[in-house]
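Subject: Handing over the two-chain model

Hello,

I am passing this structure on to you, and below it you will find my notes on what turned up when I went through it. Please keep the structure open beside the text as you read.

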Amino acid sequence: MSCAIEAHDVRYRYPNGVVGLDGVDLSVAHGERIAVLGPNGAGKTTLMLHLNGLLSGSGTLFVAGVRVGEGDARQLRARVGLVFQDPDDQLFMPSVREDVAFGPLNLGLSRAEACERVAEALAAVRMQHVADRAPHQLSLGQRRRVAIATVLAMDPRLLVLDEPSASLDPRSRRELLQTLARLEQTMLVVTHDLLFAAELCERAVILSGGRIVADGRCADILRDEDLLAAHDLELPYGRLEVAAAA
Amino acid sequence: MSVHSLHGTGIAGDLASPVHRLDPRAKILGLAAVTVVAVSTPLRAWPAFVACFAVLAAVAVVGRVGPRVLWSRARVVLPLVLFVGVFVPFVRGGAQVSVGPVSVSEAGLATLAAVSLKASIGTLSAVLLGATTGFPDVLHGLERLRAPRLLVLIAGFMYRYLFVIVDETRRMRTALAARAYRPRHVLEAAALGRVVISMFLRTYDRGERVYVAMLARGYGGTMPRLDALALRRADLVFLAGLLTMLGAVRVAAEVMA
């Protein structure tokens, strides 16, 4: 088990004929934080669903030492935590505590162990005080942090986040960034918030048209204006120097 | 319906009261028993109704659920039920009595009285259950009482996503109003139909996304439960006392009538 993710020529076509992935090659080492950048419709979410065995195409894909599509899907899902873009999709139980416990209980942990995991996971995102509230009583930023806790509670080796900073106000965004920066898991962040990627990740890849078209240090990629423009990405005006310094 | 009024449907009264702390199963069975007794009682055995009201009043007093809460919640359901009963005295045949200028059927009046009593007792039981037990706990109780799992699951999701859907509807209504939508005649109301369609598609999509999110966290067909329910002595005493009392009154009232 040398890599957290080892993908070779992964292809996927949706039932309606749309090509989701068109030969993705990617290897991610343990402990790495990698940003997956790309325009809308580039296949970012499709890639993310592959990592958890929720979609499976052709090619070979190893995630956290498990070959995707073979063996026990539940074991794979214990190792890979997906955090979806809309926390309302992720938080479906009546209370935060029950929601965070959902994963651990599915893994077959006892109630006492699950309670322990809930406490740890909520502490990791600093959300202990909302444990007994209902998800609809929380702000979007809080819900997103709780959504991260729901997968942390499963003690995954790899954390995959879909657009974690989307529609957050600056303060919630900053808090989320700090929360994520403290975590030790291997992290794959799907985003088109380039500055968020620059602050969190050392490495970045650009996914465009279902393939990886660039792979390198995050700062280098963000400095390459032509490359970004070719794939419908751009840094917010006036922030190039900040990214360059990152 | 605003989100605010939805929040009002939660627990009311004194959260630490003995009634609030009862096991949800005891409350579901107990209050269901009150309803069953009321529904199965003919008007001539009226003391049974008195006993039902007494039990409900006792539950409300111990749980400190005030009459205002009871009224404001019962108001939602009760008029609909009573609306049907109101017509019975006018359409029933048989002996007539005159009430002012109109004459109504005597048997019909009796039916109206019985329906009103039964409906009020049933509604108050449900309102009291809702006021003393959180919705998730009611679902948990139902699940443990072997209610069909799928129905409990659906009710749970409905509760969770009602708030999300209400929010979405409100945003769409605002969007319509922002573009000066003000229907003046029926044909212009067609836009509302499209809102309904788009709500349906959105909820359908969300359903799929939620299911994927559940699978991603190892969902295997059964909902895991974090808290175990345990029947304590207080629950058994409450249930046994209630059932014995109601049963006795019901039988005695029948015999004496």
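Before we come to the sheet, one term is needed: two strands are said to pair if DSSP finds at least two bridges between them. Please also bear in mind throughout that this is a predicted model.

With that term in hand, we can look at strand 3 (residues 33-37) and strand 9 (residues 203-208) of chain A, which run parallel and are joined by four bridges. One of the residues to find there is A:Ala35, whose bridge partner in strand 9 of chain A is A:Ala204. These two strands belong to an open sheet of six strands in chain A, which has mixed pairing and, in order, reads 6-7-8-3-9-10. At the edges of the sheet are strand 6 (80-83) and strand 10 (211-217) of chain A, each of which pairs on one side only, and the twist from one strand to the next averages 15 degrees.

Helices of chain A lie across this sheet. Helix 1 (residues 44-51) of chain A lies across strand 3, strand 6, strand 7 (158-162), strand 8 (186-191) and strand 9 of chain A, and it runs at about 150 degrees to strand 7 of chain A. Helix 6 of chain A, for its part, lies across strand 6 and strand 7 of chain A, running at about 165 degrees to strand 6 of chain A.

Helix 6 of chain A also meets helix 4 of chain A, and their axes come within 7 Å and cross at roughly 35 degrees. On the side of helix 4 of chain A, the contact is made by A:Val96, A:Asp99, A:Val100, A:Phe102 and A:Gly103, while helix 6 of chain A brings A:Val146, A:Ala149, A:Thr150 and A:Val151. Sorted by kind, the residues of this contact are six nonpolar, two polar and one charged.

Taken as a whole, chain A has 11 helices and 10 strands, and its C-alpha atoms fill a box of roughly 50 × 45 × 35 Å along the principal axes. A compact globule of 246 residues would have a radius of gyration near 18 Å, and chain A agrees with this because its own value is 18 Å. Buried residues make up 50% of the 246 residues in chain A.

How many residues does each chain bring to the contact between chain A and chain B? Chain A gives 27 residues and chain B gives 23 residues. On the side of chain A that touches chain B, helix 4 of chain A gives the most, with seven residues, and the residues of that side divide into 13 nonpolar, seven polar and seven charged.

In chain B, helix 3 (residues 24-40) has 17 residues and reaches 24 Å from its first C-alpha to its last, which is close to the 24 Å expected at 1.5 Å a residue. Its buried residues include B:Ile28, B:Leu31, B:Val34 and B:Ala38, and what covers the buried residues of helix 3 of chain B includes helix 4 (47-63), helix 7 (106-132), helix 8 (135-144) and helix 11 (233-256) of chain B.

Finally, strand 1 (residues 96-99) and strand 2 (residues 102-105) of chain B run antiparallel and are joined by four bridges, with B:Ser98 standing opposite B:Ser103 in strand 2 of chain B. Two residues lie between the strands of this hairpin, in which B:Gly100 takes a positive phi near 65 degrees.

Best wishes

Note on methods
Residues numbered from 1 in each chain as written. Chains lettered and ligands numbered in written order. Predicted model: local features only at pLDDT ≥ 70, side-chain atom pairs only at ≥ 80, totals over all residues. Contact = placed C-beta atoms within 7 Å. Nonpolar A, V, L, I, M, F, W, Y, C, P; charged D, E, K, R; others polar. Rg over C-alpha atoms; globule rule 2.2 N^0.38 Å. Buried ≥ 20, exposed ≤ 12 C-beta atoms within 10 Å, placed from the backbone. Axes fitted to C-alpha atoms, helices over the stretch in contact; angles between N-to-C directions. Expected span 1.5 Å × (residues − 1).
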